[in-house]
Amino acid sequence: MGRNAIFVALLLGIMIFQVTVVNRLPLPGQAAPDLVLLAVVGYALARGAAAGAAMGFAAGLLSDVLPPAAHLFGHHALVLCLVGFIAGRAVESHPGAGPLAALACAVAGPVIAVATGALLGDPRTGVPMLTTTLPQAVLYNLLAASPVVWVVRRLVCGPEPRPVQVLGYVMRSRL
């Protein structure tokens, strides 16, 4: 089974885990981390902008139909497509910017969701969303970003090559 197929299976598992467990956790406030968004960011950081946008769009469409879909159909697909593209483009432009891009996308995801929701006329977008729910969602995403993105990138890319010194020469190895 290829790495993309493994990621798709992982993504389906993350979506089910998000809906059945994470969204029901008694976390303080009204928000929860968006593990699907963070998984798409990890995939985009590993595969680039085009693949990140495509996977974000597909994951967003699937999550748009998963209950409880309390937003407009296609809204999550738009958000994940944009965030996947941004993450992939950031790492294509600056290859060492992966961790910073992951944290930036963890913040940008909820902000883009609120902004596009307001543009699309979502009635839930208002002052309470901007003052309470948005900061909580950003905080939870920042807390969950590092482990989720690391696991996804590890599954998509495989183990990172480690430098090995043999007789004075540094070689890259897959140990």
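**Exercise 1. Phe85 and its surroundings**

Task: Classify Phe85 as buried, partly exposed or exposed, and name the nonpolar surface patch members around it.

Solution.
- Step 1. Phe85 has a relative accessible area of 43%, so it is partly exposed. The partly exposed class lies between under 20% for buried and over 50% for exposed.
- Step 2. Place the residue. Phe85 sits in helix H4.
- Step 3. List the patch. Leu72, Leu78, Leu82, Phe85, Ile86 and Leu120 make a nonpolar surface patch of about 500 Å².

The structure used here and below is a predicted model.

**Exercise 2. The chain as a whole**

Task: State how many helices and strands the chain has, and in what order the elements run.

Solution.
- Step 1. Count the elements. The chain holds six helices and two strands.
- Step 2. Read them from the N terminus. The order is α-α-α-α-α-α-β-β.
- Step 3. Add burial. Of the 175 residues in the chain, 39% are buried.
- Step 4. Add contacts. Take the contacts between residues at least 6 apart in sequence: 66% of them join residues at least 24 apart.
- Step 5. Add surface. The accessible surface is about 9500 Å², and carbon and sulfur atoms account for 72% of it.

**Exercise 3. Helix H2**

Task: Find how many residues of H2 are buried, and which helices are included in the cover.

Solution.
- Step 1. Set the limits. H2 covers residues 35-47, which is 13 residues. From first C-alpha to last, H2 reaches 18 Å, close to the 18 Å expected at 1.5 Å a residue.
- Step 2. Count burial. In H2, 11 of the 13 residues are buried, so the helix is mostly covered.
- Step 3. Name them. The buried residues of H2 are Leu35, Val36, Leu37, Leu38, Ala39, Val40, Val41, Gly42, Tyr43, Ala44 and Leu45.
- Step 4. Find the cover. It includes H1 (3-20), H3 (49-65), H4 (75-93), H5 (98-119) and H6 (127-157).
- Step 5. Check the exit. Just after H2, Gly48 has a positive phi of about 110 degrees.

**Exercise 4. The nonpolar core**

Task: Name the residues that touch the most other members of the largest nonpolar core, and the helix that gives the most to this core.

Solution.
- Step 1. Start from the general trend. In soluble globular proteins, nonpolar side chains tend to be buried together.
- Step 2. Pick the best-connected members. The largest nonpolar core has 33 residues, and Phe7, Leu11, Leu38, Val41 and Leu45 touch the most other members.
- Step 3. Trace the suppliers. H1, H2, H3, H4, H5 and H6 each supply at least two residues of this core. H2 gives the most, with 10 residues.
- Step 4. Follow one member. Beyond its neighbours within four places in sequence, Phe7 is in contact with Ala39, Tyr43, Met55, Val152 and Val156.

**Exercise 5. Helix H3 and Asp64**

Task: List the buried residues of H3, then decide whether Asp64 is buried or exposed.

Solution.
- Step 1. Take the span. H3 has 17 residues and reaches 24 Å, close to the 24 Å expected at 1.5 Å a residue.
- Step 2. List. Ala49, Gly52, Ala53, Met55, Gly56, Ala59, Gly60, Ser63 and Asp64 are the buried residues of H3. Their cover includes H1, H2 and H4.
- Step 3. Test Asp64. Its relative accessibility is 4%, so Asp64 counts as buried.
- Step 4. Look across. Asp64 and His75 are 11 residues apart in sequence, and their C-alpha atoms are 7.4 Å apart.

**Exercise 6. A salt bridge**

Task: Name the partner of Glu92 in a salt bridge, and say where both residues lie.

Solution.
- Step 1. Find the pair. Glu92 bridges to Arg89, with the closest N and O atoms 3.3 Å apart. The cut-off is 4 Å, so the pair qualifies.
- Step 2. Place the pair. Both lie in H4, three residues apart, about one turn of the helix.
- Step 3. Classify. Glu92 is partly exposed, at 42% relative accessibility. Arg89 is partly exposed too, with a relative accessible area of 42%.

**Exercise 7. Ala145 and Asp122**

Task: Which residues does Ala145 touch, not counting those up to four places away in sequence? Where is Asp122 found?

Solution.
- Step 1. Ala145 is in H6. Its relative accessible area is 1%, so Ala145 is buried.
- Step 2. With those close sequence neighbours left out, Ala145 touches Leu38, Leu103, Ala106 and Trp150.
- Step 3. Ala145 and Asp34 are 111 residues apart along the chain, and their C-alpha atoms are separated by 9.2 Å.
- Step 4. Asp122 is in the loop between H5 and H6. At 13% relative accessibility, Asp122 counts as buried.
- Step 5. The C-alpha atoms of Asp122 and Leu72 are separated by 7.6 Å, with their positions 50 residues apart along the chain.

How values were computed. Residues numbered from 1 in each chain as written. Predicted model: local features only at pLDDT ≥ 70, side-chain atom pairs only at ≥ 80, totals over all residues. Heavy atoms only, no water. Helix = DSSP H or I, 4+ residues; strand = E, 2+ residues; numbered from the N terminus. Expected span 1.5 Å × (residues − 1). Buried < 20%, exposed > 50% of the residue type's maximum accessible area, 1.4 Å probe, protein only. Contact = heavy atoms within 4.5 Å. Core = buried A, V, L, I, M, F, W, Y, C linked by side-chain atoms within 4.5 Å. Patch = residues over 30% accessible without salt bridge, like charges linked within 9 Å, V, L, I, M, F, W, Y side chains within 5 Å. Areas by Shrake-Rupley, 256 points an atom, 1.4 Å probe, with all protein chains shown as cover. Salt bridge = Lys/Arg side-chain N within 4 Å of Asp/Glu carboxyl O.
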